[in-house]
Amino acid sequence: MHGEVYPLAPVTAPSAQLVHQLTRSSHVPLWLPWPLPRGWVVGAVIHAGDDAAGVRASGVGITGPNPMGGPGDFLLVAEEQGVGLGAGLAGLEGADPGKAVDGEPHARILVQGRTVPMWFVEGPADRAVYVGHWSGSWLWAILSPPSAGVLLLEDVHVVDLRDLGHEADLLPYGTPPPWLVQGYDR
C-alpha cells in the first residue's frame, strides 16, 4: 500500500568509518556544507536502506555556534522520492513536502557550481525547514533552532561526502544533537 519501506538505522555518533561505509553503498549524496563553518562539527550521519538495496536516504548534520546566539544544528538530507526520511525529520506528515515546492524559492544552496532553489516548508516551531530538488532526489535543509535558518541567507556550498574520499578522515566529529535523537525515535 505504501510502496517500499526502507529500514532506518539508529542515530549514533558519527565517525569516518561510518561515513566510508555509507559512501560505498549510497544511491544518494551525503551532503555536507563545505567548507564547514568555523567552530562546527559533524554531529550526525543517518540513513535509511539496507545491505541489499543500499542507502536510499541519508542525512548529515553539523552542530556549532548559531549566528544568532547559542548552539545551532544544520541537517542536510538527500533521499529518493517517497522514502520519507526528510519529511519525518522535518516533523511533517507523509513522505514528501507536499505543495511546498511552488512559487518563488526562499533560499538556495550551491551544489557542484549550480544553484538549487529551496522552498520554506511550514512545520514544527522548533526548526526551520527548506526543501529543493537535485538530480532526481529531494534535498532537505533542517535547521534548529529556527533562528539558525539565517545560515541560508548566504550562499551555502555543499559537497557530497562520497567525493571527499580520505578528507572525511580529517573532519571534526561530535555527537548527535538531542532534538534529532528524540525526534528520530518517535
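# Exercises on a nine-stranded sheet

With 65% relative accessibility, S135 is exposed (over 50% relative accessible area; buried is under 20% and partly exposed is in between, with a 1.4 Å probe and protein chains only). This is a predicted model, where local features need pLDDT of at least 70, side-chain atom pairs count only at pLDDT 80 or more, and totals for chains, interfaces and linings use all residues. Residues are numbered from 1 along each chain as its sequence is written, and side-chain values use heavy atoms, with hydrogens and water left out.

## Exercise 1: odd backbone angles

Task: find where S135 and Q112 sit, and say what the phi of each one looks like.

Solution.
1. Start with S135, which belongs to the loop between β7 and β8 (strands are DSSP E runs of at least two residues, helices H or I runs of at least four, numbered from the N terminus).
2. Its phi is near 50°, which is positive although S135 is not a glycine.
3. Now go to the loop between β5 and β6, where you'll find Q112. Here too phi is positive, about 50°, in a non-glycine residue.
4. Check the surroundings: Q112 is exposed, at 59% relative accessibility.

## Exercise 2: cis peptide bonds

Task: locate the cis bonds that lead into P35 and P145.

Solution.
1. Look at the step from W34 to P35: the peptide bond is cis, with omega near 0°. P35 is part of the loop between β1 and β2.
2. Move on to S144 and P145, also joined by a cis peptide bond, this time with omega about -10°. P145 falls in the loop between β8 and β9.

## Exercise 3: walking across the sheet

Task: in what order do the nine strands line up, and which of them are the edges?

Solution.
1. The sheet is open and reads β1-β9-β5-β6-β7-β8-β4-β3-β2, with mixed pairing (two strands pair if DSSP finds at least two bridges between them).
2. The ends are β1 (31-33) and β2 (41-50), each of which pairs on one side only.
3. Step inward to β3 (residues 54-65): nine bridges hook this strand up to β4, and the two run antiparallel. One facing pair to click on is I62 with F74 of β4.
4. The β3 and β4 strands make a hairpin with five residues in between, and G69 in that turn has a positive phi of about 110°.
5. On to β4 and β8: these are antiparallel and share eight bridges. L75 has I142 in β8 as its bridge partner.
6. Next comes β7 (residues 128-134), which runs antiparallel to β8 and is joined to that strand by seven bridges. A128 is matched with L143 in β8.

## Exercise 4: burial of a strand

Task: why can β4 (residues 71-80) be called largely enclosed?

Solution.
1. Count the buried residues: eight of the 10 in β4 qualify, so the rest of the structure largely encloses this strand.
2. For a partly exposed residue, try P117, in strand β6 (residues 114-121); its relative accessibility is 32%.
3. While you're there, take the C-alpha distance from P117 to L139: 9.8 Å, for a sequence separation of 22 residues.

## Exercise 5: salt bridges

Task: how many salt bridges does the structure hold, and which parts does the R108 and D155 pair tie together?

Solution.
1. The total is four (a salt bridge puts a side-chain nitrogen of Lys or Arg within 4 Å of a carboxyl oxygen of Asp or Glu).
2. One of them joins R108 and D155, with an N to O distance of 2.7 Å. R108 is in strand β5 (residues 107-111) and D155 in the loop between β8 (137-144) and β9 (156-160), so this contact links parts that are 47 residues apart in sequence.
3. Both partners are partly exposed: R108 has a relative accessible area of 38%, and D155 comes in at 39% relative accessibility.
4. Another bridge connects D126 and R127, whose closest N and O atoms are 2.8 Å apart. D126 is partly exposed at 37%, whereas R127 is buried at 8%.
5. Finally, take R162 and D160, where the closest N and O atoms lie 2.7 Å apart. Here the arginine, R162, is partly exposed at 33%, while D160 is buried at 6%.
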